[in-house]
2 protein chains.
Amino acid sequence: MKNPVYICGNGNVGSALAREFARHKIEVSGIFSRDTEKKNEHSLRTCRYGIDVPEDNAIVFLTVPDRYIGETEKNIGNGNYYVVHTAGSIPLQTLTAKRKGVFYPLQTYSVGVKVNWENIPVLVESNDEELLEALFEIVAAFGARGIETDSEQRAAVHLSAVFANNFSNAMFNIAEKLTISAGLPPDVLTPLIAQTVKKLELLHADQAQTGPAKRGDTITMEKHLKLLETEPQYAAIYKMVSAFISGSK
Amino acid sequence: MKNPVYICGNGNVGSALAREFARHKIEVSGIFSRDTEKKNEHSLRTCRYGIDVPEDNAIVFLTVPDRYIGETEKNIGNGNYYVVHTAGSIPLQTLTAKRKGVFYPLQTYSVGVKVNWENIPVLVESNDEELLEALFEIVAAFGARGIETDSEQRAAVHLSAVFANNFSNAMFNIAEKLTISAGLPPDVLTPLIAQTVKKLELLHADQAQTGPAKRGDTITMEKHLKLLETEPQYAAIYKMVSAFISGSK
């Protein structure tokens with residue numbers, strides 16, 4: 001890595017990035033983090049270590065929440081360095097820097113849960129050939145899977161990820177709550193959930209679809225809705241997702 | 001296994017059961033299957049091999065679709081044997097046999113996808129102590145995890161399974177379709193989906209919940225709904241599941 005690397009933000013993505021750079025012996029010259037003394041201060045001018053003004057040709061990763069990207073970029077100042085954000089749904093053009101890029105790892109981060117970067121898709125975009133090359137170099141060092149996309153494609157994948165991760169997790173959450181209500185430990189669902197995902201190694205999700213809605217088993221669906229009489233929100237989700245499954249080819 | 005074993009029905013569950021008995025050297029005395037010559041004949045009086053009338057104390061597994069359980073039981077006749085169904089949402093009392101039971105494996109079966117029975121929860125119920133013992137013996141032989149439940153608990157777990165398996169799969173299906181529409185291969189979602197489930201080894205689903213709805217990021221949610229303008233069904237699901245996530249503790 002010939003470019004010095006900086007990270008702005010030490011949340012889930014920033015920390016995961018910093019850890020991975022360390023693991024692959026890529027030096028990080030500075031990590032800017034929020035001044036935690038001033039709770040409402042998101043401008044990230046406190047440099048935890050290293051040099052507090054990025055050098056020429058440095059790559060500055062902005063890993064702050066989406067809504068602070070603009071403010072943080074302004075605060076770092078427009079030097080002769082590359083600015084890269086890591087957000088799924090923010091267009092490249094939102095950055096004001098002349099030489100800019102996006103490095104969006106398609107993964108879910110939670111505090112305390114280790115993430116392996118191997119084969120993780122990283123959606124990469126840039127208006128600068130040299131930066132693009134450097135970002136792909138980082139992807140390769142991580143053993144990840146670099147994919148060049150434009151901002152529109154990345155936004156669509158970000159939306160897909162909401163269904164694939166957030167919404168599937170919501171379904172697991174409802175399932176756990178129903179199981180607990182029945183007086184059973186939620187881990188009875190673990191092998192079923194594992195197999196649900198394992199099937200996707202062999203089949204597309206539409207081929208893997210099973211269940212009462214898929215086979216038009218209205219008797220079972222009515223029983224289920226009766227069980228959900230006291231849970232109108234679950235019942236509404238049940239009806240809507242079943243309608244999607246029934247209609248899907 | 002001192003009781004002779006029979007299986008009525010050679011669909012997904014019947015075949016998975018037959019395979020597993022074979023793997024553990026438990027002899028199956030007969031498998032009744034539908035007479036495929038008569039397409040609308042579900043009475044299962046064709047015995048593929050073995051003896052075509054169950055002996056005394058035989059355990060007869062009914063693995064036919066829920067709506068044929070009554071008809072099949074009638075057709076097999078009321079001998080001096082145990083009748084056991086394998087359905088999640090059918091009460092034990094639906095069976096007319098005097099000595100009856102339920103053996104409900106909490107798993108998803110698709111043709112061509114191998115299922116490991118190890119640690120699979122099997123919900124067991126019976127009105128007969130000897131049958132209950134025999135069913136737990138089978139569970140133990142399979143290396144599965146036997147759990148005694150009543151019919152009400154089993155129905156609740158069956159409903160949970162619809163959320164945990166069918167509905168999460170529907171979310172994966174929508175995600176795949178959106179990714180393909182963006183011109184990207186659906187397997188970019190595979191590591192994300194794998195990690196979604198891996199997190200559940202460490203966290204309950206409500207603790208693992210992330211995403212725009214969880215953090216109240218209305219700007220991102222509005223962007224997503226704009227992207228879904230041409231997909232009203234996806235948009236409706238997006239709004240409803242997001243509302244659940246926002247409100248869930």
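These are my notebook entries on a helix pair and on how two chains are related.

**Confidence.** I began by noting that this is a predicted model, and I looked up its scores before reading any contacts. The model has an ipTM of 0.91 and a pTM of 0.90. For chain A I found an average pLDDT of 90, with 90% of the residues scoring at least 70. I keep in mind that predicted coordinates should not be read in detail where pLDDT is low.

**Helices H7 and H8 of chain A.** I looked up how H7(A), residues 218–227, packs with H8(A), residues 232–247, and found an angle of about 160° with the axes 9 Å apart. Angles over 145 degrees count as roughly antiparallel, and H7(A) and H8(A) are therefore roughly antiparallel to each other. I noted the crossing of H7(A) and H8(A) as right-handed. On the H7(A) side the residues in contact are A:Met221, A:His224 and A:Leu225, and they meet A:Ala235, A:Tyr238, A:Lys239 and A:Ser242 of H8(A). Sorted by class, this contact of H7(A) with H8(A) comprises four nonpolar, two polar and one charged residues.

**Chains A and B.** I then looked up the operation that superposes chain B on chain A, which is a rotation of 180° with 0.0 Å of shift along its axis, at an RMSD of 0.0 Å. The two copies are thus related as by a two-fold rotation axis. I also asked which residue of chain B comes closest to the rotation axis; B:Ser168 does, with its C-alpha at 2.2 Å. Finally, 99% of the interface residues of chain B are also interface residues in chain A, so I recorded that the copies meet through the same surface.

Definitions and conventions. Residues are numbered from 1 along each chain as its sequence is written. Chains are lettered from A and ligands numbered from 1 in the order in which they are written. This is a predicted model: local features need pLDDT of at least 70, side-chain atom pairs count only at pLDDT 80 or more; totals for chains, interfaces and linings use all residues. Side-chain values use heavy atoms; hydrogens and water are left out. Axes are lines fitted to C-alpha atoms, for helices over the stretch in contact, and angles run from 0 to 180 degrees between N-to-C directions. Helices (H or I, at least four residues) and strands (E, at least two) are DSSP runs, numbered from the N terminus. Angles under 35 degrees count as roughly parallel, over 145 as roughly antiparallel, 65 to 115 as roughly perpendicular and the rest as oblique. A crossing is left-handed if the near helix is turned anticlockwise from the far one by less than a right angle, and right-handed if clockwise. Contact means heavy atoms within 4.5 Å. Ala, Val, Leu, Ile, Met, Phe, Trp, Tyr, Cys and Pro count as nonpolar, Asp, Glu, Lys and Arg as charged, and the others, Gly among them, as polar. Copies are superposed by least squares on the C-alpha atoms of residues with pLDDT of at least 70 in both. pLDDT is the predictor's confidence in each residue, from 0 to 100.
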